[in-house]
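Work through the exercises below with the model open beside you. Try each task before reading its solution.

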Amino acid sequence: YDRDLNSYYKLFKKIFCKSKYAYSQCKIDGLDNIENMPRILWNFPISNVKDINEKIKVVFNGGTGGFKDRRNLEAIINLFKDYQDNDVSLTIKLTHDLRRWTKKILNKNLSFINNDCRIELVQKMMCRSEYINFLNQFDVNLCPSKYEGFGLTLLEGLHSRLASITI
């Protein structure tokens with residue numbers, strides 16, 4: 001970015017910035033054709049970019065949990081304990097029939113989850129069409145599984161065109 005080229009930049013219909021800082025600096029410099037787009041996905045509808053002040057909606061599908069927190073639920077909860085900004089909302093999707101490790105982690109953190117307005121806990125089974133509609137509400141699919149190579153929740157998120165983050 002070069003301020004001396006602003007007259008050239010103004011010729012473009014839209015310019016996309018990946019960071020809030022770049023966006024704010026371009027606005028200060030008088031560029032009105034700037035849009036914030038923090039992530040670029042294949043098949044991403046560029047005309048429907050979220051406003052810079054809209055919350056990013058994240059889903060973590062933990063299912064029944066698994067052996068020794070293999071889905072990494074505790075790491076997700078700790079992430080929200082450490083991250084205090086209000087620009088992200090998290091939906092934790094679990095079933096009612098939880099495995100003991102997940103149940104232990106959930107019970108240990110239930111007070112925090114229930115008292116944090118950024119977090120919603122959903123514990124129910126969904127039919128296929130209901131689950132597809134559910135996934136389509138989100139921007140990001142978190143799949144930080146410790147033991148799963150290429151899990152079903154990752155595939156479901158990718159199929160729904162969600163940005164999917166895994167380790």
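**Exercise 1. Classify Glu 130 by its accessibility, then describe its salt bridge.**

Step 1. Glu 130 has a relative accessible area of 31%. Buried means under 20% relative accessible area, exposed over 50%, and partly exposed in between (1.4 Å probe, protein chains only). Glu 130 is therefore partly exposed.

Step 2. The partner of Glu 130 is Lys 124. A salt bridge is a side-chain nitrogen of Lys or Arg within 4 Å of a carboxyl oxygen of Asp or Glu. Here the closest N and O atoms are 2.8 Å apart.

Step 3. Lys 124 is at 35% relative accessibility, so it also counts as partly exposed.

Some ground rules. This is a predicted model, in which local features need pLDDT of at least 70 and side-chain atom pairs count only at pLDDT 80 or more, while totals for chains, interfaces and linings use all residues. Residues are numbered from 1 along each chain as its sequence is written, and side-chain values use heavy atoms, with hydrogens and water left out.

**Exercise 2. Find how many salt bridges the structure holds, and examine those of Arg 3 and Glu 35.**

Step 1. The count is five salt bridges.

Step 2. Take Arg 3. Its partner is Asp 29, with the closest N and O atoms 2.9 Å apart. This pair links distant parts of the chain, 26 residues apart. Arg 3 sits in the segment before helix 1 (6-9), and Asp 29 in the loop between helix 2 (20-28) and strand 2 (34-36). Helices (H or I, at least four residues) and strands (E, at least two) are DSSP runs, numbered from the N terminus.

Step 3. Check the accessibility of both ends. Arg 3 is at 51%, so it counts as exposed. Asp 29 is at 18%, so it counts as buried.

Step 4. Now take Glu 35. It bridges to Lys 14, and the closest N and O atoms are 3.2 Å apart. Glu 35 is in strand 2 and Lys 14 is in the loop between helix 1 and strand 1 (15-17), so the bridge ties together parts 21 residues apart in sequence. Lys 14 is partly exposed, because its relative accessibility is 34%.

**Exercise 3. Describe how helix 3 packs on helix 4.**

Step 1. Choose the descriptors. Two packed helices are described by the angle between their axes and the distance between the axes.

Step 2. Read both values. Helix 3 (residues 73-82) and helix 4 (residues 100-115) pack at about 15°, and their axes are 10 Å apart. Axes are lines fitted to C-alpha atoms, for helices over the stretch in contact, and angles run from 0 to 180 degrees between N-to-C directions.

Step 3. Name the arrangement. The angle makes helix 3 roughly parallel to helix 4 (under 35 degrees is roughly parallel, over 145 roughly antiparallel, 65 to 115 roughly perpendicular, the rest oblique).

Step 4. List the residues that meet. Helix 3 supplies Leu 73, Glu 74, Ile 77, Phe 80 and Lys 81. Helix 4 supplies Thr 102, Ile 105, Lys 108, Asn 109, Phe 112 and Ile 113. Contact means heavy atoms within 4.5 Å.

Step 5. Sort them by class. The contact has six nonpolar, two polar and three charged residues. Ala, Val, Leu, Ile, Met, Phe, Trp, Tyr, Cys and Pro count as nonpolar, Asp, Glu, Lys and Arg as charged, and the others, Gly among them, as polar.

**Exercise 4. Trace the surroundings of Val 59 and Asn 141.**

Step 1. Place Val 59. It is in strand 3 (residues 56-63). Its relative accessible area is 1%, so Val 59 is buried.

Step 2. Look beyond its neighbours within four places in sequence. The contacts of Val 59 include Thr 91, Phe 134, Asn 141 and Leu 162. The C-alpha atoms of Val 59 and Ser 164 are 9.6 Å apart, although 105 residues separate them along the chain.

Step 3. Move to Asn 141, in strand 6 (residues 140-143). Asn 141 counts as buried because its relative accessibility is 1%. Not counting residues up to four places away in sequence, Asn 141 touches Val 59, Thr 153 and Ser 164, among others.

**Exercise 5. Summarise the whole protein.**

Step 1. Count the elements: six helices and seven strands. Their order is α-β-α-β-β-α-β-α-β-α-β-α-β.

Step 2. Give the buried share. Buried residues make up 40% of the 167 residues.

Step 3. Consider contacts with a separation of 6 or more. Residues 24 or more positions apart account for 61% of them.
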